[in-house]
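Trainee: I am new to this model and would like to know what the terms rest on. Please set each value against its definition.

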Amino acid sequence: DTVHDEQMSFTGELISFGVESAWKLQRWHLLDTYLQKSGKHNLDTQFECKLGECLSILKSNATFLDHELTAKFENAMDCARLIVMKQISSCYMESYQAVYPYL
């Protein structure tokens, strides 16, 4: 069972790398494919996947005429921001705790 869990984790990491590579290389069809796979592996907490989702929505709704896609984009962007804020806040607390005794 642990081998299966490790394999799923490794597959999730590869999908996350695939999403990031696809948007960096502007391979939009691959991006959409990897995003579909990321949904199956619960990678919604990965910044790269959320950013890829935002870029995919922007690519398909560049003029923001589709209100449903615009709302979906705003939701994905908010989620991406929260992911980054959590990472920054944890670094901030670690830094604060390391420096506080010297103040």
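**Values and cut-offs**

Trainee: Why is C49 called buried?

Mentor: C49 has a relative accessible area of 4%. Buried means under 20%, exposed over 50% and partly exposed in between, with a 1.4 Å probe and protein chains only, so C49 counts as buried. Other buried residues of helix 3 include K50, L51 and G52. Helices are DSSP runs of H or I with at least four residues, numbered from the N terminus.

Trainee: What kind of model is this, and how is it numbered and filtered?

Mentor: The model is predicted: local features need pLDDT of at least 70, side-chain atom pairs count only at pLDDT 80 or more, and totals for chains, interfaces and linings use all residues. Residues are numbered from 1 along each chain as its sequence is written, and side-chain values use heavy atoms, without hydrogens and water.

Trainee: How do you know that C79 is not bonded to C54?

Mentor: A disulfide is a pair of cysteine sulfur atoms within 2.5 Å. The sulfur of C79 is 8.5 Å from the closest cysteine sulfur, in C54, and therefore too far for a bond. The structure holds zero disulfides.

Trainee: Is C79 buried, exposed or partly exposed, and why?

Mentor: The relative accessibility of C79 is 26%, so C79 counts as partly exposed.

Trainee: What makes S56 buried?

Mentor: S56, a residue of helix 3, is buried because its relative accessible area is 15%. Leaving aside residues up to four places away in sequence, S56 touches L31, D32 and L35, where contact means heavy atoms within 4.5 Å.

Trainee: Which residues are closest to the centre of the largest pocket, and what is its volume?

Mentor: The largest pocket holds about 230 Å³ of space. L35, E53, S56, I57 and K72 are the closest to its centre, among 15 lining residues. A pocket is an open set of points on a 1 Å grid over the protein atoms alone, where a 1.4 Å probe fits, with protein on both sides within 12 Å along at least five of seven lines; lining residues have an atom within 4 Å of a point. Helix 3 gives the largest share of the lining, six residues.

Trainee: What is notable about Q26, and why is Q26 called exposed?

Mentor: Q26 has a positive phi of about 60 degrees although it is not a glycine. Its relative accessible area is 56%, so Q26 is exposed. Q26 lies in the loop between helix 1 and helix 2.

Notes: Helix = DSSP H or I, 4+ residues; strand = E, 2+ residues; numbered from the N terminus. Points joined across faces, edges and corners; volume = space filled by probe spheres on them.
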